[in-house]
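Please walk through this assembly with me, beginning with the strands inside one chain and moving outward to the surfaces where the chains meet.

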4 protein chains.
Amino acid sequence: MHINETKIKVRYAETDQMGVVYHSNYLVWFEVGRTEFISATGVSYSDMEKNDILIPVVEVNCKYAGSAKYEDEIIVKTWIKELSPAKVIFEYNILKENDDKIIVRGSTTHVFVNRDFKIINIKKKYTDIWEKLAKLIDE
Amino acid sequence: MHINETKIKVRYAETDQMGVVYHSNYLVWFEVGRTEFISATGVSYSDMEKNDILIPVVEVNCKYAGSAKYEDEIIVKTWIKELSPAKVIFEYNILKENDDKIIVRGSTTHVFVNRDFKIINIKKKYTDIWEKLAKLIDE
Amino acid sequence: MHINETKIKVRYAETDQMGVVYHSNYLVWFEVGRTEFISATGVSYSDMEKNDILIPVVEVNCKYAGSAKYEDEIIVKTWIKELSPAKVIFEYNILKENDDKIIVRGSTTHVFVNRDFKIINIKKKYTDIWEKLAKLIDE
Amino acid sequence: MHINETKIKVRYAETDQMGVVYHSNYLVWFEVGRTEFISATGVSYSDMEKNDILIPVVEVNCKYAGSAKYEDEIIVKTWIKELSPAKVIFEYNILKENDDKIIVRGSTTHVFVNRDFKIINIKKKYTDIWEKLAKLIDE
């Protein structure tokens with residue numbers, strides 16, 4: 001199974017008055033990890049959108065066991081938990097560099113749709129991309 | 001049970017290149033609803049923080065059945081699903097004004113901690129606030 | 001001269017670890033003020049975009065003399081400083097409610113373009129909208 | 001003169017419905033560049049805050065000559081234009097990688113203050129940090 005590791009440095013803008021990263025920003029980091037994961041197929045998500053494939057989020061689950069601070073070096077681990085012709089579920093672990101503790105665990109569920117937000121069967125319609133995603137699971 | 005209704009007008013900054021609100025912003029709207037809900041106790045969340053009570057998020061779940069667009073008038077409905085001396089679970093429904101369809105459903109779980117992020121027993125330590133929150137459930 | 005007043009309540013997400021609103025968020029509040037100002041013409045900015053008029057920002061200037069905090073009630077005053085067929089300059093004052101002190105002053109310069117980001121002459125091409133904007137200056 | 005170059009990859013969250021990066025996000029990128037610039041002194045901005053030195057923004061100027069898109073690789077060039085014991089002015093150029101065109105130019109003015117937001121004389125009070133910053137200008 002392919003696991004992508006993305007590095008992120010915490011921005012001041014991402015903190016809140018509690019002195020830690022505001023909780024919704026982890027969802028943005030999931031997106032950063034997902035973008036890099038998809039790039040590993042050889043087809044970027046930008047390219048997919050140009051080809052009329054959108055992958056909007058339909059569900060998010062996220063558990064916070066710790067918190068990141070300004071200037072922390074963060075690792076986002078991203079992998080595919082489940083893939084079907086109509087949807088894909090990504091999972092994420094967020095850690096600080098040089099620390100094994102997982103501070104945030106999450107998953108996001110996405111559907112494959114076109115510009116009109118109609119569900120598409122990615123396996124049939126874009127077999128090439130389907131195979132590239134599927135390969136990252138078996139890897 | 002007390003249900004708070006907060007109105008929000010979608011900001012341009014909240015949209016993304018899909019032409020709809022970026023999914024993590026709904027978590028910010030949950031926070032706006034939660035802030036107003038807590039105000040209904042007569043003690044604002046700002047006041048709580050000044051009294052050394054923080055209520056960080058430890059879990060978020062969110063399902064997206066639709067999407068909001070720039071300048072849409074949005075309603076966030078917020079209520080308490082569960083309250084214990086150590087934690088509180090809020091639930092949310094997000095709708096467009098003048099439309100019964102719920103576009104986003106979510107919940108957030110929070111713990112009561114002090115400035116050092118140590119769990120506190122709010123029922124014992126801040127009985128007054130505990131009773132005010134509890135009252136909003138029985139209302 | 002028409003001056004729009006918009007109310008905003010500071011969100012927790014808008015604060016940073018300094019305990020005050022992160023400085024780039026005032027630009028978002030300018031946008032909220034501008035959106036409401038434009039609505040006062042009777043044609044919303046959403047409608048303009050549907051009619052192929054975009055008004056991107058080409059310059060921002062902003063001076064901070066104070067700061068807003070979580071749950072503060074804020075007023076954004078917005079007006080047009082300059083209007084020509086190719087561009088418009090908005091000015092803004094940001095204050096706390098019930099306080100005369102201006103905490104942030106700013107201006108944003110915008111050009112009128114179409115979807116292909118080509119400059120358009122709004123006076124010639126959309127005389128109707130031009131007149132509505134011009135009227136708000138003379139008011 | 002020391003010029004810091006920071007790489008940033010555009011996030012989906014940073015785009016808006018115009019299909020480009022929302023204008024206030026460039027201010028966040030300025031902050032990312034500034035953070036790295038300050039690190040080059042050997043004292044991180046996190047460390048400065050722990051030592052009771054805050055450097056809030058009091059003025060921002062920004063000109064947009066182009067726009068960045070999702071997944072673009074961006075370079076933020078950051079340098080100090082002016083340094084005095086009470087304030088510092090940073091300047092920034094933002095470019096796409098492998099393209100000489102500057103898409104955004106900006107400057108931010110900051111004051112040196114303590115936790116109570118009182119102006120401090122950094123040259124007298126923190127001579128060590130003063131010298132490190134000054135050295136980056138003469139470099």
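In this predicted model, strand β2 (residues 57–64) of chain C pairs with strand β5 (residues 102–111) of chain C in the antiparallel sense, over seven bridges. To find the register of this pairing, one can start from K63(C), whose bridge partner in β5(C) is R105(C).

The strand β2(C) also pairs beyond its own chain, for it runs antiparallel to strand β2 (residues 57–64) of chain D, and the two are joined over five bridges. Here E59(C) offers a useful point of reference, since its bridge partner in β2(D) is K63(D).

Chains A and B show a pairing that can be described in similar terms: five bridges join β2(A) to strand β2 (residues 57–64) of chain B, and these strands run antiparallel. Within that pairing, K63(A) stands opposite E59(B) in β2(B).

Which elements surround this strand pairing on the side of chain A that touches chain B? The contact as a whole takes 25 residues from chain A and 25 residues from chain B, and the area buried between the two chains is about 2100 Å², of which carbon and sulfur atoms give 57%. Within the area that chain A buries against chain B, M18(A), H23(A) and Y64(A) supply 26%, more than any other three residues. Between chain A and chain B the count of salt bridges is zero, while eight residue pairs are in polar contact, with both residues at pLDDT 80 or more. The elements of chain A that give two or more residues to this side are α1 (25–39), α2 (45–50) and β2 (57–64), and the largest share, eight residues, comes from β2(A). Sorted by class, the side of chain A that touches chain B has 15 nonpolar, four polar and six charged residues.

The contact between chain C and chain B can be read in the same order. Here 17 residues of chain C are in contact with 17 residues of chain B, and the two chains bury about 1600 Å² between them, with 44% of that area on carbon and sulfur atoms. Of the area that chain C buries against chain B, R11(C), Y70(C) and E71(C) supply 37%, more than any other three residues.

How many salt bridges are counted between chain C and chain B? The count is two, and in a salt bridge between these chains the side chains of R11(C) and E14(B) meet at 2.8 Å, N to O. Across this interface there are also 14 residue pairs in polar contact, again with both residues at pLDDT 80 or more. The elements of chain C that give two or more residues to the side touching chain B are α1 (25–39) and α2 (45–50), and α1(C) gives the most, with six residues. By class, this side of chain C has eight nonpolar, four polar and five charged residues.

It remains to ask what operation relates chain C to chain B. A rotation of 180 degrees with 0.0 Å of shift along its axis superposes chain C on chain B, with an RMSD of 0.0 Å, which is the relation of a two-fold axis. The same surface serves both copies, in that 100% of the contact residues of chain C recur in chain B. To locate the axis in the model, look for I8(C), which comes closest to the rotation axis of the residues of chain C, with its C-alpha at 5.0 Å.

Technical notes. Residues are numbered from 1 along each chain as its sequence is written. Chains are lettered from A and ligands numbered from 1 in the order in which they are written. This is a predicted model: local features need pLDDT of at least 70, side-chain atom pairs count only at pLDDT 80 or more; totals for chains, interfaces and linings use all residues. Side-chain values use heavy atoms; hydrogens and water are left out. Copies are superposed by least squares on the C-alpha atoms of residues with pLDDT of at least 70 in both. Contact means heavy atoms within 4.5 Å. Buried area is the accessible area (1.4 Å probe) that two parts lose on being put together, summed over both. A salt bridge is a side-chain nitrogen of Lys or Arg within 4 Å of a carboxyl oxygen of Asp or Glu. A polar contact is a pair of N or O atoms within 3.5 Å; within protein, one must be able to donate a hydrogen and the other to accept it, and residues adjacent in sequence count only if both atoms are side-chain atoms. Helices (H or I, at least four residues) and strands (E, at least two) are DSSP runs, numbered from the N terminus. Ala, Val, Leu, Ile, Met, Phe, Trp, Tyr, Cys and Pro count as nonpolar, Asp, Glu, Lys and Arg as charged, and the others, Gly among them, as polar. Two strands pair if DSSP finds at least two bridges between them.
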